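Thanks for coming, everyone. Please take a look at the model on the screen, and then we'll walk through it.

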Amino acid sequence: MTETTANLADDKADGKQRPRLPLSVLPIIEIAMLALLMLYPIFITYLTAEGEALDFNNYFVVRVTSIILLAMLAVSFDLCWGYSGIMSFGQALFFGIGGYFVAKLSEETGMTSMLIIIPAGMLVGLISALLVGWFLLISKRTPTIIFVALGSLTASFAAERLVAGWQWVGAGNGMSIWDFPTLFGTDLEPGIGFYYLAVACLLIAYLASRYLVRSQFGLALAGIRQNEDRLAFLGYRLQAFKLIVFSFAGLIAGWGGAIYAFHEGFVGPATVGVTTSTYAVLYGLFGGVGTLIGPVIGAGVIEGLTVILSDNETLKAYWPIALGAVMLVVVAYQPTGLVGLLVTQRERFGSFGIRKGKKSSGTDDAGKADGHD
Amino acid sequence: MAMTEPLLKVSGLGKVFGTLRALNGVDVAVHANTFHGLIGPNGSGKSTLLKAIAGDHFADEGEVSFAGEDVTTMSPAERSRRGLSLKFQITAILPELTVYDNLLLALQAHQSMWGLLLSRSRQRLDADVMDMLAQFRLTGKAHSLAGEMSHGEQQWLEIAMALALKPKLLLLDEPTGGMSPEERRVTGELLEPIRDYCALVIVEHDLDFIKDICDNLTVLDQGQVLDDGTVAEIEGSTKVQEVYTTRV
């Protein structure tokens, strides 16, 4: 029966021949970005060298280290909004909590080892995101985007007010961290060593996120952000999926935040608050959500311009206004962000089946995943 | 033939929307491996009944039991896990995903979280996806975006997705709406083989289509059961003819 009917309608369908997948642009952007990050300190140091001595711990390396850590915040925002439809308007909450926690930990115990700081930041980000997510995402009915956005914004705002008035964590002055962090017994002062540590952390967080969103779990997320009701009818437990992503995003934010606090030597109320949260949203929308690399680029461009313009007092004063105007234009006319100019809608959603034949570039993650079978 | 316990048993179902009594004391019984049609004029409560069975909304009174279990207040996801599957009236495929991914999404729905995170079943389900695609004549479209296919093909994909988890009962809400006569004919052919493992409840305007594929019919009118029986019995029913000739 099946055989005869199969011949009737679809002549092209002989056996299991699969049409070719279209070319991917995203992996090229990702690799280019990685290459740029790896080579940047060397270029910038030679470029800005005065006299004979090369200072690899120069201002430009240190500033970009901060940006790389903020990019981790941007990635965590993208996991929420770009991949799961959770409009987290308070992502800095987890970034800041990570920072505050390790600052307090180091003040109380004198602990400065990165091997403690990083897991502590991750854990505290994970747990706080789990608690906030539980409240915002778990209910009988699917919560609306507005509810989640306002809820997370409020949480971030409340945390900012709380730490600003709480003497135990330095109140309005924030907390200073006087010691450099250590890695395997050596001090890690801001500079090239710290830079590559930040790159390594961003890379690991990025690859883990990439693995997640391209797994079968990620396929479910792709379904959720297109049609939640349909997924519920298929038997998916939507809220569990969302809570897992939200918590994982919290882990990445807390991780980035903990290192950021040590890098800046300071964590203040603004870091947990609305301003930083808004920046996370801006990085994402500007660079292009739902691509992971987009928000990283967004953070790089927005923060990079801020660094460049900060030399010029006049421009610096007008910069926030210009940024606001650019954001309005992007949201209105280019909702897929910078990366959306290069990457098709189709590639952003991606495809999740197994890849047969030759290993194509940039899809090795998916290939590895099959190895678990 | 000894009557076995029906797979789906709807008893005394009532549903009120504001002042409208959409369903009033409806009884329906569907046995395993049979195709059951729900017919009736517009607004007679067919879709409301189907949604109450699927769990899209809950009935105000009465009971829905499925495979011997009371499912009246269960969520759609819980019903789905018990083998009750719904195909929507408006196609609810995921247009931005490929046809392949749509089916994979349906096939992997009951995998564990860890299994999904580690993509454990991706390799194993590939053969199932390709089989289903072949069965529904969509092999050549595997990597097309679902939203770019013709209306008829989207409906077939939708049916394939609803069948992916080998449900015991499939609810079809107007599967041939908007299809060409040729597509309707093929749809009938595609549905026939599922009888081996699945019962069907089907809401449909096209009476010829429904008479061709169904074993039993329930005729609804103004939220109540007007008549039920085999296709032959309903065709001979004077009550039904009256409603259809005077009001449709």
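One definition before we start. A residue counts as buried if 20 or more other C-beta atoms lie within 10 Å of its own, as exposed if 12 or fewer do, and as partly exposed in between. Keep in mind that this is a predicted model.

Let's use that definition on one residue. Is A:Val199 buried, exposed or partly exposed? A:Val199 has 19 C-beta neighbours inside 10 Å, so it counts as partly exposed. This valine sits in helix H7 of chain A, residues 192-214. Leaving out residues up to four places away in sequence, A:Val199 touches A:Leu37 and A:Ile68. Now take A:Ala71. A:Val199 and A:Ala71 are 128 residues apart in sequence, and their C-alpha atoms are 9.9 Å apart in space.

Step back to the whole of chain A. It has 17 helices and four strands. Of its 373 residues, 45% count as buried. Look at contacts in chain A between residues at least 6 apart in sequence: 78% of them join residues at least 24 apart.

Next, chain B, beginning with its sheet. Four strands form an open, antiparallel sheet in the order E2-E1-E4-E5. Which strands are at the edges? They are strand E2 (20-30) and strand E5 (69-70) of chain B, each pairing on one side only. Strand E1 of chain B, residues 8-17, pairs with E2(B) over seven bridges, in the antiparallel sense. There, B:Phe17 stands opposite B:Leu20 in E2(B). Helix H1 of chain B, residues 46-54, packs on this sheet. H1(B) touches E1, E2 and strand E4 (61-66) of chain B, and its direction makes about 115 degrees with that of E1(B).

Now the domains of chain B. The assignment gives domain 1 (1-83 + 167-248) and domain 2 (92-166). Their centres, taken over C-alpha atoms, are 26 Å apart. The contact between them takes 12 residues from domain 1 and 11 residues from domain 2. On the domain 1 side, eight are nonpolar, two polar and two charged.

Last, the two chains together. How many residues does each chain bring to the contact? Chain A brings 41 residues and chain B brings 41 residues. On the chain B side, helices H2 (76-81), H3 (99-107), H4 (113-117), H5 (122-135) and H7 (181-191) each supply at least two residues. H5(B) gives the largest share, seven residues. By class, the chain B side has 21 nonpolar, 11 polar and nine charged residues.

That's the tour. Over to you.

Note on methods: Residues are numbered from 1 along each chain as its sequence is written. Chains are lettered from A and ligands numbered from 1 in the order in which they are written. This is a predicted model: local features need pLDDT of at least 70, side-chain atom pairs count only at pLDDT 80 or more; totals for chains, interfaces and linings use all residues. Two residues are in contact if their C-beta atoms, placed from the backbone, lie within 7 Å. Ala, Val, Leu, Ile, Met, Phe, Trp, Tyr, Cys and Pro count as nonpolar, Asp, Glu, Lys and Arg as charged, and the others, Gly among them, as polar. Domain bounds come from an automatic or database domain assignment. Two strands pair if DSSP finds at least two bridges between them. Axes are lines fitted to C-alpha atoms, for helices over the stretch in contact, and angles run from 0 to 180 degrees between N-to-C directions.
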